[in-house]
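Colleague: I am new to reading protein models, and I would like to learn how such features as helix packing and ring pairs are described. Could you take me through one example step by step?

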Amino acid sequence: MSTDTSTTTTPAIGGDRAGGAAAPTALPGRPGVPFGRTLHAELRKMVDTRAGLWMVVVMAAVAAIVLVAFVIWGPAEDASFNGLLELATLPLAMLLPVLGIMAATAEWTQRTGLVTFTLEPHRGRVVLAKALAALLLAVVVLAVAVAASALANVVGGNGEWDLTAAAGGGLVLALLLYVVQGVAFGLLFLNTPVAIVSVLVLPTVWAIATQVVSALEEVGAWLDMDRVTRPLFAGEMGSQDWAQLSTATAVWVLLPLAVGTYRVLHREVK
C-alpha cells in the first residue's frame, strides 16, 4: 500500500512577500465606510465635546444679547430686519472660523487620530467630512441668527423687511468662506490655539499693513479678506469685486487648505 505524503496548502490571501511571509490585504468584496456615516460622525464629534457644544451656545448667546441690547437702546430707524441681521452676524464672522478650526484639529488635539484613520483609512474623505460638517453646523447657527433677527424685528424693530436677495446671499457666502478659512488654518497648523491666533491675527496684521504702507494699498484691495467681503455683505458685487474676492480667497482660504490637506494626508499619526 502506497502512502500519499503530499500535503495540501491554502494560498495566503494577497499572495506572498519576499521570504514567504503572507501579505495581508482587505478581503474581496468587503464594503468600505459610507461617506454619510463619516459625515455623521464628524457632526456628532463637533457637539459631543464640551468645547464644541459651548462654542455653539456662545455664538447663539452673543447674537441674542446683541439683538436684545440694540432693540432696547439702539436707534429705532436702524432696527430693520437687515440692520438687525447684520448685528447678529457680526460676532459670527469672528466665531465661525473657530468652529471650523475645532473641527479640523480634533484628531490631533484630542489624540483620536489612530481610531479615526483606522476606521476610515482614506484621510481625504475624513477631511472632506470635517469641512462639510463645519459648513452644515454653520448653516444651522446662521438660520438661528436669521430667526432671532426676524423675531426681534417683529417684537421691537421698526417692522421693515429690507433684506435683498443679493445681500442675503452675500452674507451667507461670506460667512461660509470664513468657516472654510477656519478649517484651512486648522488643517495647516493641526493645533487649535495656534490656528485660532493665526486666523485672527494674520489677516488683521496684513490689513493694517496695507493701510499704513502706501505701497501695499493697491495690493490690499486684492488680498484683504475684510475689504473684499464688504461689497459681498452689502449685496453690491461688481465684476472687479468678484475678481478681488477670488484672489483673496485663493490666498487666505484655498492655499492653506491645500497645504493643510497635504499635511494631513502625509503626516504620521501617533
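**Reading a helical model**

Modeller: Let us begin with a single residue, T38, which is found in helix α1, and keep in mind throughout that this is a predicted model.

Colleague: Is T38 buried or exposed?

Modeller: The relative accessibility of T38 is 8%, and because buried means under 20%, T38 counts as buried.

Colleague: Which residues does T38 touch, if those up to four places away in sequence are not counted?

Modeller: T38 touches V33, E120, R125, V126 and A129.

Colleague: Before we go further, how many helices and strands are there in the protein?

Modeller: The protein has eleven helices and zero strands, so that reading from the N terminus gives the order α-α-α-α-α-α-α-α-α-α-α. Of the 270 residues in the protein, 37% are buried, and among contacts between residues at least 6 apart in sequence, 74% join residues at least 24 apart.

Colleague: By what values are two packed helices described?

Modeller: Two packed helices are described by the angle between their axes and by the distance between the axes. In this model, helix α1 (residues 35–48) packs with α6 at an angle of about 55°, and the axes are 8 Å apart. That angle makes α1 oblique to α6, and the crossing of the two helices is right-handed.

Colleague: Which residues of α1 and α6 meet?

Modeller: On the α1 side they are F35, T38, L39, E42, L43, K45, M46 and V47, and these meet R125, V126, L128, A129, K130, L132, A133, A134, L136 and L137 in α6. T38, with which we began, is thus one of the α1 residues in this list.

Colleague: At what angle do α4 and α7 pack, and how far apart are their axes?

Modeller: Helix α4 (residues 92–109) and α7 pack at an angle of about 40°, with 7 Å between their axes, which makes α4 oblique to α7. Here, too, we can give the handedness, since α4 passes α7 in a right-handed crossing. The contact is made by L92, A93, L96, P97, G100, I101, A104 and T105 of α4, together with L175, Y178, V179, G182, V183, G186 and L187 of α7.

Colleague: I should like to turn to the rings. What describes a pair of aromatic rings?

Modeller: A pair of aromatic rings is described by the distance of the centres and the angle of the planes. The structure holds three aromatic pairs, and in one of them the rings of F81 and W161 have centres 5.1 Å apart and planes at 50°, so this pair is tilted. The pair links distant parts of the chain, with F81 in helix α3 (residues 81–89) and W161 in the loop between α6 (123–155) and α7 (165–189), 80 residues apart. F81 counts as buried, at 9% relative accessibility.

Colleague: Why is the pair of W108 and F117 called tilted?

Modeller: The centres of those rings lie 6.0 Å apart and their planes are at 45°, so that pair is tilted. Both W108 and F117 are buried, and R123 lies over the face of F117, at 4.8 Å from the ring centre.

Colleague: Finally, is V155 buried or exposed?

Modeller: V155, whose place is in helix α6, is exposed, with a relative accessible area of 68%. V155 and V71 are 84 residues apart in sequence, while in space they are 8.8 Å apart, C-alpha to C-alpha.

Note on methods
Residues numbered from 1 in each chain as written. Predicted model: local features only at pLDDT ≥ 70, side-chain atom pairs only at ≥ 80, totals over all residues. Heavy atoms only, no water. Phe/Tyr/Trp six-rings, centres within 6.5 Å; stacked < 30°, edge-to-face > 60°. Helix = DSSP H or I, 4+ residues; strand = E, 2+ residues; numbered from the N terminus. Buried < 20%, exposed > 50% of the residue type's maximum accessible area, 1.4 Å probe, protein only. Lys NZ or Arg CZ within 6 Å of the ring centre and 35° of its normal. Axes fitted to C-alpha atoms, helices over the stretch in contact; angles between N-to-C directions. Parallel < 35°, antiparallel > 145°, perpendicular 65-115°, else oblique. Left-handed = near helix turned anticlockwise from the far one by under 90°. Contact = heavy atoms within 4.5 Å.
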